[in-house]
Amino acid sequence: KVAKPRSLWITFRKLPKTIKENKLLMRIVTIFNGILDKTNAKYFDVDVVLEQIRLCALQPKIDAIRTAKTLKEQKELKKSLPCICFSGAFSERYDDRMTEHSGLAIVDYDHVENLLEKKAELEKLPYVYAVFISPSGDGLKVLIRIPADIKRHRGHYNALKKVFPDMDKTSINESRVCFASADATIYVNKEAVEFTDYEEPV
């Protein structure tokens, strides 16, 4: 009998001592209980979160979303998923409540044709930290390495929009959430280099 993967989605309310002591070696991201939750912040190293996606700890919920008969039903089911702020540590889920930048920006691709081909294409880029399939099953979530500077987050994101013209351009805000997913084929490159292009926000 195969043991179920241990889920770490619901763990720390405050930064645990181990993260505080080693945060220079970690990329801290924030998880909230769901899309309506803005205050119950939990903190993790991003690689712990990505490993949970690889282990498909939320597979039953993801299966329900991907087999939903209507878009309305799918959206309702997604409300129960943990929401990840990949750009850093937030005391609350508001743009001005970021306390530490993770050095990551999230890029969304919705309703992708030839999904696996697009995923393989993105995996070749040197500044891509991770790529995984969205909860709906027809999109991609892409983590890009950028300088860990809160004040320059949007400028780097503006530059990304030029490199990825077909991406969802609404994800520029710092506290943009990403629904947790399940993807055993997730791509992770811990040696990704920083994307340093910068376009001044308007």
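Which residue in S2 is the bridge partner of Thr-30?

1. The partner of Thr-30 across the bridge is Tyr-43, which belongs to S2. This pairing, like everything described in this note, is read from a predicted model. Strand S1, which covers residues 28–32, and strand S2 are joined over 4 bridges, and they pair in the antiparallel sense. As background, strands of a sheet pair through backbone hydrogen bonds, and they may do so either in parallel or in antiparallel fashion.

2. The wider setting of this pair is an open sheet formed by 4 strands, which follow the order S2-S1-S3-S9 with antiparallel pairing. Strand S2 (42–45) and strand S9 (178–179) are at the edges, where each has a single partner strand, so one side of each is left without a neighbour in the sheet.

3. A helix should be considered together with these strands. Helix H2, made of residues 46–54, lies across S1, S2 and strand S3 (83–85), and the direction in which H2 runs is at about 85 degrees to S2.

4. Ser-87 is placed in the loop that connects S3 with strand S4 (88–90). With a relative accessible area of 3%, Ser-87 is buried, because that value is under the 20% cut-off. The side chain of Ser-87 reaches the backbone oxygen of Leu-104 at 3.1 Å. When residues up to four places away in sequence are not counted, Ser-87 touches several others, including Met-98, Glu-100, His-101, Gly-103, His-153 and Glu-174.

5. Leu-104, the residue whose backbone oxygen is reached by Ser-87, is found in strand S6, which spans residues 104–109. Its relative accessibility is 0%, and Leu-104 therefore counts as buried. Not counting residues up to four places away in sequence, Leu-104 touches a list of residues, among them Arg-27, Val-46, Phe-86, Tyr-129, Leu-143, Ile-146 and His-153. Leu-104 and Val-128 are 24 residues apart in sequence, while their C-alpha atoms are 9.4 Å apart in space.

6. Is Leu-77 buried, partly exposed or exposed? Leu-77 has its place in helix H4, which is formed by residues 71–78. Because its relative accessibility is 29%, a value between the 20% and 50% cut-offs, Leu-77 counts as partly exposed. Leaving aside neighbours within four places in sequence, Leu-77 is in contact with Ala-64, Ile-65 and Ala-68. From C-alpha to C-alpha, Leu-77 and Ile-62 are 8.8 Å apart in space, and in sequence they are 15 residues apart.

Conventions. Residues are numbered from 1 along each chain as its sequence is written. This is a predicted model: local features need pLDDT of at least 70, side-chain atom pairs count only at pLDDT 80 or more; totals for chains, interfaces and linings use all residues. Side-chain values use heavy atoms; hydrogens and water are left out. Helices (H or I, at least four residues) and strands (E, at least two) are DSSP runs, numbered from the N terminus. Buried means under 20% relative accessible area, exposed over 50%, partly exposed in between (1.4 Å probe, protein chains only). Contact means heavy atoms within 4.5 Å. Two strands pair if DSSP finds at least two bridges between them. Axes are lines fitted to C-alpha atoms, for helices over the stretch in contact, and angles run from 0 to 180 degrees between N-to-C directions. A polar contact is a pair of N or O atoms within 3.5 Å; within protein, one must be able to donate a hydrogen and the other to accept it, and residues adjacent in sequence count only if both atoms are side-chain atoms.
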